[in-house]
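This report walks a new reader through one protein chain, from single residues to packed helices. Please look at the model first and keep it in view while reading.

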Amino acid sequence: MADAKPPPPVTPATGAGTGPTPATTNPPPPSAPAPTPTPAAGYKAPTSNPALRMMGLPGLPKKLPSRNWMIFWALATSFSAAIIYDKREKKRATARWAYAVSHLAKEPIKSPSEMPRKLTIYLESPPTDGLRVTQDHYTEYVKPILAASGLDWEFVQGRKEGDVRAAVAERIRRTRDPTAVVEAQTQDEVVNEVRRRNGTPEYSGMRGDIVIGRHTWKEYVRGLHEGWLGPLTAPIIPTPEPVAVSESTTTTTTTTTEETPEEGAAEGEDTKEKPEEKKPERPPQPPPYNTIADYPTSPIPMLIPAEFSPSTPLQFPHILGFSNTLTRLGRFLNRRHLADDIGREVAAVCLGAAREYREETNLDSQDAEPEQATALAWEEKDWPKSVWKEAKKDAESDGEKDSTPTPPAEKIWTSPVVLDPRIAMRMRRFELRLEDEARARAIIVPEEEVEGFIKGSLRSLWRWAFTPNPKPQPVYVNE
């Protein structure tokens, strides 16, 4: 018999049928809001530094600076590091050569009245600049080594072209003519006279000359030739003839002065009431006693020494102009090499080892030139163009003049170095020996002598805080 239970009714699926949805169906429920992200288990939110928070300072940034700030800080830090490193190494190089000659200051002397070895330093204003620049160069690179050696030195300073030439030539003429020394009562001669009266013996060993810059070196060489090859008396300078004045001009001037006597008297009273204080004028520069063309025909003195006092030219890189800013910047960041080169030459002067001047091969012409003529020749490229233009203008103006009442000023800087073989063979140059240079390179300069203010302050603070100072122990006296 069949089952009497009827089958259950079939309900159509919602949205699955093709026909319209009955109106009696309910709308879908609203979408639930997105769940909020919850922190993972074990995550701890970052907190600011408690020390900064206690001082009221904000927390450190959580991200790197922008690209522009990164570029700025990278350039600023690199440039500052380059300056600081170069300054430290410059101090180290100068201190190394100062240590290399410091043993000379500890050598005992034979008698208390013995004079020390004395050097002569020649300075002159560079082209189109003042003397202060050269003095600062000497103070920064040369003076520390000379002071450590314990030697004595004197200066010959020139403010314009030709001063050093005149000073060198005058010194040589005084050694050739003893009577001129008595007549010229300079301060140095007065001091030497007092020493001779007291019986103070003069230093009889090797002296030495330090010449700073190519322009000063040219005048030094010219002064040597003028002093030894030139005459002892000054040349006669032709005086200009008086210009004839016509009678008509004299009558007109006399009538004008006679017509206004009161005005002249009033002006005279004003000038008397207000006297002008004039500064003492600088003595004029003496003209050269000979020229370059007189070298072959000039006789050599009989009492000329077989060897002159040794000398050494020191480099003085000096360039001006806005267009040379990059060159000046590069030299500013490499002053350590300049300090090492100058220190090496000054140490050679202090130690007193000398040799003859040699001949060098010119790369342009492949000719052998004397070392005196090519020394520091690269510095001429840094001189301003006005130096060469003024020389051309002066030559043209001198050629246009018919009468020459006074000889024109000699242009030494722009002229080539001319040497006489009799003078060049007697010149000597200081040179550092290999064993002395090896000893100087092995010197280790203490870090405290080259560090800056900040590092030195931190070092002293550390020593003050953490270095134990021994306390003074009480002294017990037995009663």
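Does threonine 128 count as buried, exposed or partly exposed, and at what relative accessibility? Threonine 128 counts as partly exposed because its relative accessibility is 46%, where buried means under 20% relative accessible area, exposed over 50%, and partly exposed in between, for a 1.4 Å probe and protein chains only.

The model is predicted, so local features need pLDDT of at least 70 and side-chain atom pairs count only at pLDDT 80 or more, while totals for chains, interfaces and linings use all residues. Residues are numbered from 1 along each chain as its sequence is written, and side-chain values use heavy atoms, with hydrogens and water left out.

**The chain as a whole**

The chain has 17 helices and 8 strands, which are DSSP runs numbered from the N terminus (H or I of at least four residues for helices, E of at least two for strands). Of its 479 residues, 28% count as buried. Among contacts in the chain with a separation of 6 or more, 87% join residues 24 or more positions apart, contact meaning heavy atoms within 4.5 Å.

**The nonpolar cores**

A nonpolar core is a set of buried Ala, Val, Leu, Ile, Met, Phe, Trp, Tyr and Cys residues joined through side-chain atoms within 4.5 Å. The largest has 30 residues, of which Val142, Leu146, Ile210, Ile212 and Val346 touch the most other members. At least two residues of this core come from each of several elements, including α2 (67-101), β1 (118-124) and α12 (335-351), and α12 gives the most, with 8 residues. Leaving out residues up to four places away in sequence, valine 142 touches His137, Leu314, Ile342 and Val346. A second, separate core of 21 residues includes Val156, Tyr220, Tyr295 and Ile423.

**Helices packed against α12**

Two packed helices are described by the angle between their axes and the distance between the axes. Axes here are lines fitted to C-alpha atoms, for helices over the stretch in contact, and angles run from 0 to 180 degrees between N-to-C directions. The axes of α2 and α12 come within 8 Å and cross at roughly 10 degrees. That makes α2 roughly parallel to α12, since angles under 35 degrees count as roughly parallel, over 145 as roughly antiparallel, 65 to 115 as roughly perpendicular and the rest as oblique.

The axes of α3 and α12 come within 10 Å and cross at roughly 80 degrees, and these two helices are therefore roughly perpendicular to each other. Their contact is made by His137, Glu140 and Tyr141 of α3 together with Arg335, Leu338, Ala339 and Ile342 of α12.

**Residues in loops**

Three loop residues are set side by side below.

| Residue | Loop between | Relative accessible area |
|---|---|---|
| Threonine 128 | β1 and α3 | 46%, partly exposed |
| Asparagine 290 | α10 (261-273) and β4 (311-314) | 5%, buried |
| Leucine 376 | α13 (371-374) and α14 (385-400) | 12%, buried |

Most residues other than glycine have a negative phi. Threonine 128, however, has a positive phi near 60 degrees, and leucine 376, which is not a glycine either, has a positive phi of about 60 degrees. Asparagine 290, leaving aside its neighbours within four places in sequence, is in contact with Arg222, His225, Glu226, Leu229, Gly230 and Tyr295.
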